Amino acid sequence: MQFSSVKIGVASLLSVLSLSVAAAGITTKTVNASGFGPDRREALNAALVEAVAKVRGLSVANVQATARAASSTKVAVAGKSLGVDSSHESGFDATATETHGSVKSYEVLDAREDVPGRWKVKISADISVYESDASNNRRRISVVPFRLPEANSPAQEKRYEAVAQRLSLGAVDYVTSTRHFSVVDRTYDGERLVEFLRLLLPDVGRDERARIGNSSGTDYLVVGDVLSFDSKETTTIVPYTKEKITKSETNATISWRVLEAATGQVLASGTIKKSYPSKDVDVARQIGEEIGEKITDIIYPIVTLDYNNGRISLAQGGSSMKVGRVYQLNRYGKVQTDPYTHEPMAREEIPVGKVRIVSVSPKISYAEVVDCRVDLTGMGPKEYVLRALPEESGSRGGRKIRKTMTPNW
């Protein structure tokens, strides 16, 4: 290959593909870099590694080792062993586990043996970089499958597994719907790994491989234990009519914690111990949603945006908000400080009334004032916060429901 200023690849083809690639979150950055080595090829490889490092940063030692072993790399995809050949110079791919980017094309600006046994190569390289969605900048949280008690039979073991699955689903669904967190999956890692391995197939475009190496860590881990989850049915016979009435009940005790992933510090914890009028394992999903609500209420409580035309707009929507539910409306006060540690604890909250949710959209919801002791005109963002009211027996959506009486024969 000559040292002419010729871009590797076809410019027209790259321009056509740029629109679809950009839509997929992959962009191109051009940088200049230099590399040194005992021969021209090693110097070129070093320059390519430096070019990628300038864009994203990487462990040079690991990338150089990956580059040298690229021609013999084997991966297994869908049960087949595949070889990945990237040793040819014109298609050199600097993508590795820690590069977060790959060389899309490069131009050799200069190549010379400046001293005997040492080559210096200067290049201009186009680096493909995967730009994550803006939501990835939110605080990241991950729900880990809850630990289960020891089962007494295969049937009970299967039931416990279903309970753990629904607990995770409920918590993930609630936290995701608030749109305050970037929720990192910890359930389908195997499927995601297979998808990444497919990116190493020979017929996959080099730009697509820039997706490798962008897995997100997490700020918070939600963990927990299913201490008990027992269901039963009781049948009673009504005197005189001899009518049989069957009631189902599930008694559950679930403990949960929010850990700071980097340190293992427990940021929040709690235990839910309740009885539910059903023996269906879907009760666990309801518990998971309750856990998700408690976590969100601690980290990102529901705050107000403004007050207009008799309605309060709220900075939360989706399935986490239910039309008809009544909340306590509190006004934020001064920041309270722990007298022992001198750390800020929380802001003072002054109860001023109650509001009821009347409309919900994917990102925002609206509430009407049930009663209020202050004038809400001129309300500013985050001036007020909503807190869940204690559950009332026989209530739904904040309104009491008259129970059907059973005759006392």
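Which residue in strand 16 does R331 stand opposite? In this predicted model, where local features need pLDDT of at least 70, side-chain atom pairs count only at pLDDT 80 or more, and totals for chains, interfaces and linings use all residues, R331 stands opposite Y384 of strand 16. Residues are numbered from 1 along each chain as its sequence is written, and side-chain values use heavy atoms, with hydrogens and water left out.

**View 1. The closed barrel and the pairing of strands 13 and 16.** Six strands, in the order 11-12-15-14-13-16, make up a closed barrel with antiparallel pairing; strands (E, at least two residues) and helices (H or I, at least four) are DSSP runs numbered from the N terminus, and two strands pair if DSSP finds at least two bridges between them. From one strand to the next the twist averages 50°, with axes taken as lines fitted to C-alpha atoms, for helices over the stretch in contact, and angles running from 0 to 180 degrees between N-to-C directions. Strand 13 (residues 326-337) is joined to strand 16 (residues 384-388) in the antiparallel sense over 5 bridges.

**View 2. The open sheet and its parallel pair.** An open sheet of 5 strands follows the order 7-6-8-9-10 with mixed pairing, and its edge strands, strand 7 (181-183) and strand 10 (266-276), each pair on one side only. Neighbouring strands of this sheet are turned against each other by 25° on average, direction ignored. Strand 6 (residues 139-143) and strand 7 run parallel and are joined by 3 bridges, and R140 has S182 in strand 7 as its bridge partner.

**View 3. Helices packed on the sheet.** Helix 4 packs on the sheet and touches strand 6, strand 7, strand 8 (220-237) and strand 9 (244-260), its direction making about 120° with that of strand 8; contact here means heavy atoms within 4.5 Å. Helix 6 also packs on the sheet, touching strands 6, 7, 8, 9 and 10, and its direction makes about 145° with that of strand 10.

**View 4. The crossing of helices 4 and 6.** The axes of helix 4 (residues 154-178) and helix 6 (residues 283-299) come within 7 Å and cross at roughly 40°, which makes helix 4 oblique to helix 6 (angles under 35 degrees count as roughly parallel, over 145 as roughly antiparallel, 65 to 115 as roughly perpendicular and the rest as oblique). Among the residues making the contact are V163, L167 and Y174 of helix 4, together with A284, I287 and T296 of helix 6.
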